[in-house]
Amino acid sequence: MFLDANESPFNNGYNRYPDPRQKRLKSLLSPIKGVASENIFIGNGSDEAIDLIFRIFCEPGRSNAIAIAPSYGMYEVAADINDVEMRKVLLNEDFSLPIERLLEAADANSRLLFICSPNNPTGNAFAQEDILRLVKEFQGIVVVDEAYIDFSEKPGMLPILSEYPNLVVLQTLSKAWGMAGLRCGLAFASPDIIGYMNRVKYPYNINVATSAIAERLLTEPVPEHVKVLKEERKKLEKELARFPFIKKIFPSDANFLLVKVDDANDLYDYLIDNKIIVRNRDKVALCKGCLRITVGTPEENQHLLTTLSSYQPTTRQPDNPTT
Ligand SMILES: Cc1ncc(COP(=O)(O)O)c(C=O)c1O
């Protein structure tokens, strides 16, 4: 009899609080990821893990964090909310890691370094030896965000996690596993770091419904859909290259393509008019003229290509620099 937690005693499947340590879900994830349960944190999306990492390792108004740019926007949002200075270091022109500049950006108050690999929005995964050099030389926590790693042929950092106590790897069930609506993010790190995350998080951060559905869906080591999306990515890359208004398609290790076009704003508006929403990255550093296109179902991708084949660029007035 559970008469301790002031829950409703009437069983409807949801009347009890969830397991605050998510033991069952972790025991399912452990063999899939090749990582012991004590090295796994489960959060309300990986965004929760990002915020917790700031709260645990940074001192507001004093610490700073470093991140590659362009990259996922939540690192900076979490830094701002936690009153932590964010130092953004531009990738090299070819989107490779600026190792020396990242290390030079650090000082005695640098606590965190964020590397997103495969990177959003550039799509490329970085060489493991480059990331490793940063893990070895940076005097703080290195967070490697592998939200898109299941779409990459490159190895992630999990196989060497236990060798590096300052390494935190983020993954998520939102992408390859198709559970964005459930909010289930993962962090992998030393038992010490996972212990801090568990103590700082809200006790019941993963609800009963999310746990139950995730447990049901985590039956295959790599979801079948990943294979389909990787094939579609290849097809889309080849077909998009035929359009004269598409100037460059950047190689992708993720479930999206970054595409440089003649006039990103014009094409973006055209696609919206045709009820197709992509992400306009024109204003993002190193991504001038670029759209980020998520790989859809085979039918959606075909519809995108058909729609693009009717695109007639409009002659736009150049932006007035005085307004
Ligand atoms: C690089 C990266 N990390 C993390 C996330 C967020 O993942 P989650 O849905 O687990 O919060 C995203 C979402 O787009 C992302 O692009």
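Ala, Val, Leu, Ile, Met, Phe, Trp, Tyr, Cys and Pro count as nonpolar here, Asp, Glu, Lys and Arg as charged, and the others, Gly among them, as polar. The views below show a predicted model.

**View A. The largest cavity is lined mainly by nonpolar residues: six nonpolar, two polar and two charged.** The cavity holds about 40 Å³ of space. Its lining includes Ser117, Ala125, Phe126, Ile131 and Glu146. Ile149, Lys154, Pro155, Gly156 and Met157 also belong to the lining. With a threshold of 30 Å³ or more, the count comes to one cavity.

**View B. The ligand has 13 residues around it.** Ser46, Asp145, Tyr148, Thr172 and Ser174 come nearest. By class, the shell around the ligand divides into four nonpolar, five polar and four charged residues.

**View C. Polar atoms of Thr172, Lys175 and Asp47 lie beside ligand oxygen atoms.** For Thr172, a polar side-chain atom is 2.6 Å from an oxygen atom of the ligand. For Lys175, the distance from a polar side-chain atom to a ligand oxygen is 2.7 Å. Asp47 takes part through its backbone: a polar atom there is 3.3 Å from an oxygen atom of the ligand. On its own, the ligand has 400 Å² of accessible area, and the protein covers 91% of it.

**View D. The ligand takes up the space of the largest pocket.** This pocket has a volume of about 1100 Å³. It is lined by 48 residues. Tyr148, Lys175, Asn255, Arg292 and Thr294 are the closest of these to the pocket centre. Two of the names have appeared already: Tyr148 is among the residues that come nearest to the ligand, and Lys175 has a polar side-chain atom 2.7 Å from a ligand oxygen.

**View E. Helices and a strand contribute to the wall of the largest pocket.** The elements that give two or more residues to the lining are α2 (46–57), α7 (208–217), α8 (224–240), β11 (290–294) and α10 (298–309). Which element gives the largest share of the lining? α10 does, with four residues. By class, the lining has 21 nonpolar, 15 polar and 12 charged residues.

**View F. The second largest pocket holds about 250 Å³ of space.** Its lining has 15 residues. Lys33, Ile149, Asp150, Leu158 and Gln171 are the closest of them to its centre. The lining divides into nine nonpolar, two polar and four charged residues. Ile149 also appears in View A, where it lines the largest cavity.

**View G. Two cis peptide bonds involve Pro118 and Pro121.** One runs from Ser117 to Pro118, with omega near -5°. The other joins Asn120 and Pro121, with omega about 15°. Where does Pro118 lie? Pro118 is in the loop between β4 (110–116) and α5 (128–137). Pro121 lies in the loop between β4 and α5 as well. Ser117 also lines the largest cavity of View A.

**View H. Phe95 has a positive phi although it is not a glycine.** The angle is about 70°. Phe95 lies in the loop between β3 (85–90) and α4 (99–104).

Technical notes:
Residues are numbered from 1 along each chain as its sequence is written. This is a predicted model: local features need pLDDT of at least 70, side-chain atom pairs count only at pLDDT 80 or more; totals for chains, interfaces and linings use all residues. Side-chain values use heavy atoms; hydrogens and water are left out. A residue is near a molecule or strand if one of its heavy atoms lies within 4 Å of it. A polar contact is a pair of N or O atoms within 3.5 Å; within protein, one must be able to donate a hydrogen and the other to accept it, and residues adjacent in sequence count only if both atoms are side-chain atoms. Accessible areas come from the Shrake-Rupley method with a 1.4 Å probe; for residues, only the protein chains shown count as cover. On a 1 Å grid over the protein atoms alone, a cavity is a set of points where a 1.4 Å probe fits but cannot get out, and a pocket is an open set with protein on both sides within 12 Å along at least five of seven lines; lining residues have an atom within 4 Å of a point. A molecule sits in a cavity or pocket if more than half of its atoms lie within 2 Å of its grid points. Grid points are joined across faces, edges and corners, and a volume is the space filled by probe spheres set on the points.
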